[in-house]
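Student: I have a structure here that I would like to go through with you, one question at a time. Could you walk me through your reasoning as we go?

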Amino acid sequence: MPVTIVIGAQWGDEGKGRFVDYFSANAQMVGRYAGGDNAGHTVAVKGEVFKMHLIPSGILHDGVVAIMGNGMVINPINLLKEMNRLREQGITISPDNLVISSRAHLISPAHIELDRGKEAERGEDKIGTTLRGIGPAYLDKIGRRGIRMGQMLNLEDFADALETSLNHYNAELRREGFEIVDVKASMQAYVDAATELQPYIKETTVYLAERLEKGERIVCEGAQGTLLDVDHGSYPYVTSSSPTAGGVMTGLGIGPTYVDQVVGVAKAFSTRVGSGPMPTQEEGEIAQRLRGTGDNYWDEFGTTTGRPRRCGWLDTVLLRYSRMVNGLTEMMLTKMDILSGFDELKIAVAYDVDGTRYDVPPSTIDALERAVPIYETVQGWHEDISDAKTLADLPEATVNYIKRVETLCGVPIKAVSVGPERHQVVNL
Ligand code: GDP
Ligand code: IMO
Ligand code: MG
């Protein structure tokens, strides 16, 4: 069976991009199924750092076709910028290796203004969105008034639909006292973008099904993470799509019978960007050491927004839940190298909520906000592990940490990464 799904097991930024790149080496296709340019996926190859927001990370491999699935919401201006940036870095991008679903939805400038306005209005209670217009675009999709990428194939109809939508939202933006959109300038920019993108827009569901039936393999690239899922995450502090494994079925149009591998990617500690509960969050020295100073591109500052990420100890309560929700067949742990230098490490094994023990997270936001982690302390290590190539190169304490996490989560850890570069993966 030819489908590998790569899922973020935490709150996003687990290192999905680098593991999608890893699995794409043995695939013919790679597909994004949810989200938009709220994602930021980093892959480092021989010192060259690629940052993908919309384009599936597998495109870095020759011969792999990248599919932007129907479940995505796409800002065409930012997509063209990203295509050009990747080309400047030497990556070939043409309709032969990049296909955009005609059913994917458009993010318009009005969605971005609505996102900004609503977040400002929420004040202290803001979600901490990436301000990319994601929520408003999905609202239009579910509200059956969205504009789909396929409409770009008829420029006149596309321009009409966009104009109607922008005028409709300008009235709302004005009513709410938010910034309004320059309709004429936006129309020009979007019609120009549509003209450039036309050759890439196709019916992808049947295209994909036919290739799967021939036995070709696809890597489905998760964006965001399990705890940001609109159903299964820490609602309302979530994104507006389904980043979990179920999202693949609807977001690319693949039947579950095709799936044979569901890989959860987790960082060896926890990070979260934006608002909402994070039981294992640390402040002070521990957080700073996990976050880094910002001098390295892999330090914990958002790829998309530059915001410092909240940092804390690994939370296996969430990982256990992630295993269940996604049906993980295996897990990968990233950034193991960052844990070098601690005498002791803590792992959250359960939560205490008002005197009751929870082995999986409570489903209501107020209970999750009151969750106090129950920690287990394990021995740390001081060795630099970034050159490790095999299990035998890892210190005993590192191996013990991995084994303990594996036992607590109930899913095999098949590999860990010890640095951001493509080759810095240790198979276990
Ligand atoms: P994604 O959104 O899940 O693809 O993850 P991001 O790219 O947003 O964030 C992960 C960051 O960690 C990136 O800067 C990666 O280059 C970096 N990274 C991934 N794996 C490792 C690792 O094993 N060690 C170190 N030091 N950095 C890593
Ligand atoms: P990748 O794919 C981390 C978070 C935002 C905010 C919430 C809602 O790089 O892991 P949105 O703009 O989607 O409406 O914001 O979701 N968020 C992410 N956090 N990594 C991401 O993507 C994220 N995409 C959205 O910070 O809390
Ligand atoms: Mg990211």
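Student: Which residue stands opposite I67 of β5?

Tutor: Happy to start there, keeping in mind that this is a predicted model. Strand β2 (residues 29-32) pairs with β5 in the parallel sense, over four bridges. Within that pairing, the residue opposite I67 is G31.

Student: And on the β7 side, which residue is the bridge partner of A66?

Tutor: β5 and strand β7 (residues 98-101) run parallel and are joined by three bridges. The partner of A66 in β7 is L98.

Student: Are the residues on the two faces of β5 buried or exposed?

Tutor: Take the faces in turn: V65 and I67 lie on one side of β5 (residues 65-68), while A66 and M68 lie on the other. Both faces are covered, and the state of these four residues is buried.

Student: Moving outward, which residue of β9 does I100 stand opposite?

Tutor: β7 also pairs with β9, in the parallel sense and over two bridges. There, I100 stands opposite I201.

Student: Which are the edge strands of the sheet?

Tutor: Let's lay out the order of this open sheet of ten strands: β9-β7-β5-β2-β10-β1-β11-β15-β19-β20, with mixed pairing. An edge strand here pairs on one side only, and that holds for β9 (201-202) and β20 (425-427). The edge strands are therefore β9 and β20.

Student: Now the ligands. How much of the area that ligand 1 exposes when taken alone does the protein bury?

Tutor: Ligand 1 has 21 residues around it, with G15, K16, T42, D337 and S417 the closest. Its oxygen atoms have polar partners: a polar side-chain atom of D13 at 2.9 Å, a backbone N or O atom of G40 at 2.8 Å and a backbone N or O atom of Y297 at 3.5 Å. Taken alone, ligand 1 exposes 580 Å², and the share of this that the protein buries is 99%.

Student: What is the corresponding share for ligand 2?

Tutor: An oxygen atom of ligand 2 lies 2.6 Å from an N or O atom in the side chain of T130. Polar backbone atoms take part too, with G40 at 2.9 Å from an oxygen atom of ligand 2 and G128 at 3.3 Å. Ligand 2 exposes 550 Å² when taken alone, and the protein buries 98%.

Student: How many residues in the shell around ligand 2 are charged?

Tutor: The shell around ligand 2 holds 21 residues, and the closest are D13, K16, H41, T130 and T239. By type, eight are nonpolar and ten are polar, and the number charged is three.

Student: How many residues of helix α1 are buried?

Tutor: The buried residues of α1 are K16, G17, R18, F19, V20, D21, F23 and S24. The helix, residues 16-24, is largely enclosed by the rest of the structure because the buried count, out of nine residues, is eight.

Student: Which residue with a positive phi follows α10?

Tutor: Let's go along the helix from its start, where a side-chain oxygen of D315 reaches to within 2.9 Å of the backbone nitrogen of V317. Helix α10 (residues 316-326) is mostly covered, with eight of its eleven residues buried; among them are T316, Y321 and N326. After α10 comes a residue with phi near 60 degrees, G327.

Student: Why does S241 count as buried?

Tutor: S241 sits in the loop between β10 (218-221) and α8 (246-253). Beyond its neighbours within four places in sequence, S241 is in contact with A34, G35, Y138, Q224, L228, D229 and V230. Buried means under 20% relative accessible area, and S241 qualifies because its value is 5%.

Student: Last one: what is the relative accessibility of P373?

Tutor: P373 belongs to strand β18 (residues 372-379). Leaving out residues up to four places away in sequence, P373 touches P279, T280, A348, A350 and Y351. P373 counts as buried, with a relative accessibility of 16%.

Student: And how far is the C-alpha atom of P373 from that of T164?

Tutor: Along the chain, P373 and T164 are 209 residues apart. In space, their C-alpha atoms are separated by 50 Å.

Terms used:
Residues are numbered from 1 along each chain as its sequence is written. Chains are lettered from A and ligands numbered from 1 in the order in which they are written. This is a predicted model: local features need pLDDT of at least 70, side-chain atom pairs count only at pLDDT 80 or more; totals for chains, interfaces and linings use all residues. Side-chain values use heavy atoms; hydrogens and water are left out. Buried means under 20% relative accessible area, exposed over 50%, partly exposed in between (1.4 Å probe, protein chains only). A residue is near a molecule or strand if one of its heavy atoms lies within 4 Å of it. A polar contact is a pair of N or O atoms within 3.5 Å; within protein, one must be able to donate a hydrogen and the other to accept it, and residues adjacent in sequence count only if both atoms are side-chain atoms. Accessible areas come from the Shrake-Rupley method with a 1.4 Å probe; for residues, only the protein chains shown count as cover. Ala, Val, Leu, Ile, Met, Phe, Trp, Tyr, Cys and Pro count as nonpolar, Asp, Glu, Lys and Arg as charged, and the others, Gly among them, as polar. Contact means heavy atoms within 4.5 Å.
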